[in-house]
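Grab a pencil and open the viewer. Here are two short exercises to work through.

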Amino acid sequence: MTPSIPLYQQIKQHILARIESGEYRLHQQIPPEQELAEQFRVSRMTAHKAIRDLVQEGYLMRRAGLGTFVTEPKAESPLADINNIADEVRSRGHEYANNVLVLDSRRADEEVALQMGMRLNSKVFHSVLVHLENGVPIQVEERFVNPQLAPGYLQCDFSRQTPNAYLMAQCPLSDMEHIVEARLAPANISDWLQISSQQPCLLVTRRTWSLNQLVSFARLWHPGNRYKLRSTMKL
């Protein structure tokens, strides 16, 4: 034990080191709290805090009545920023890909017209993509775009750049709005994410502006067991 480092932090480092070395493999059960407490000569509460932190950070997963197991960390995005999901995936050392399901022009229905601040049946560009990390779907992105601000949107090759990357280059961001909800996804979204229809999702509804003009309205569906959103604030 290292006196200068809090005891629970030393237990966390011990567990993380064994995960990184492969001694604790993916889906393997780790020693119970009582065993860790005895090994490090600390209270069970201290061992509990170490494990609780690693669960919250996405390295471990508790299964009621069974124990605590190593899990693959969830993909993570900062809630207060708009980052390119391809860059996020690659920054984790993983492979990014996407499937473009829809890329067309259509008339704005009542909800889209309201969200976009335009007349009902106005022309909008529309896209639906499934974003994948190491071949696993982590987000379904449905986006509506103001054609006057991004006239080349439908000609883009989104296998080479994401809609986010294109729009950020064409229409520099000045304002954004996020709304986050826990929702059950419609059947088609569940199919595209390869999850059960009863598995909860994180739905982020996002609107972006450039120089006070509303550029796009997007619905971003994330499987709750594969994704988390993070927010930080400096005081």
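Both exercises use this predicted model.

**Exercise 1. Work out how the span of helix H1 compares with the expected one, and which of its residues are buried.**

Solution.

Step 1: Find H1, which runs over residues 7-21 and so has 15 residues.

Step 2: Get the expected span by taking 1.5 Å times one less than the number of residues. For H1 that comes to 21 Å, and the helix reaches 21 Å from its first C-alpha to its last, so the two are close.

Step 3: Now go for burial, meaning under 20% relative accessible area. Gln10, Ile11, Lys12, His14, Ile15, Leu16 and Ile19 make the cut in H1.

Step 4: Think about spacing: with 3.6 residues a turn, residues three or four places apart in an α-helix point the same way.

Step 5: Look for what sits over those buried residues. The cover includes helices H2 (33-40) and H3 (44-56), along with strands E1 (60-63) and E2 (67-70).

Step 6: Check what comes after the helix: Gly22 follows H1, and its phi is positive, near 90°.

**Exercise 2. Describe the second largest cavity: what is its volume, and what lines it?**

Solution.

Step 1: Start with the count, which is two cavities of 30 Å³ or more. The second largest has a volume of about 120 Å³.

Step 2: List the lining. It takes in 13 residues, and those closest to the centre are Leu167, Met168, Leu173, Thr208 and Ser216.

Step 3: Assign elements. Helix H6 (163-170), strand E8 (200-210) and strand E9 (213-223) each give two or more residues, with E8 giving the most, four.

Step 4: Sort the lining by class, and you get seven nonpolar, four polar and two charged residues.

Key:
Residues numbered from 1 in each chain as written. Predicted model: local features only at pLDDT ≥ 70, side-chain atom pairs only at ≥ 80, totals over all residues. Heavy atoms only, no water. 1 Å grid on protein atoms, 1.4 Å probe; cavity = no way out; pocket = protein on both sides within 12 Å on 5 of 7 lines; lining within 4 Å. Points joined across faces, edges and corners; volume = space filled by probe spheres on them. Nonpolar A, V, L, I, M, F, W, Y, C, P; charged D, E, K, R; others polar. Buried < 20%, exposed > 50% of the residue type's maximum accessible area, 1.4 Å probe, protein only. Contact = heavy atoms within 4.5 Å.
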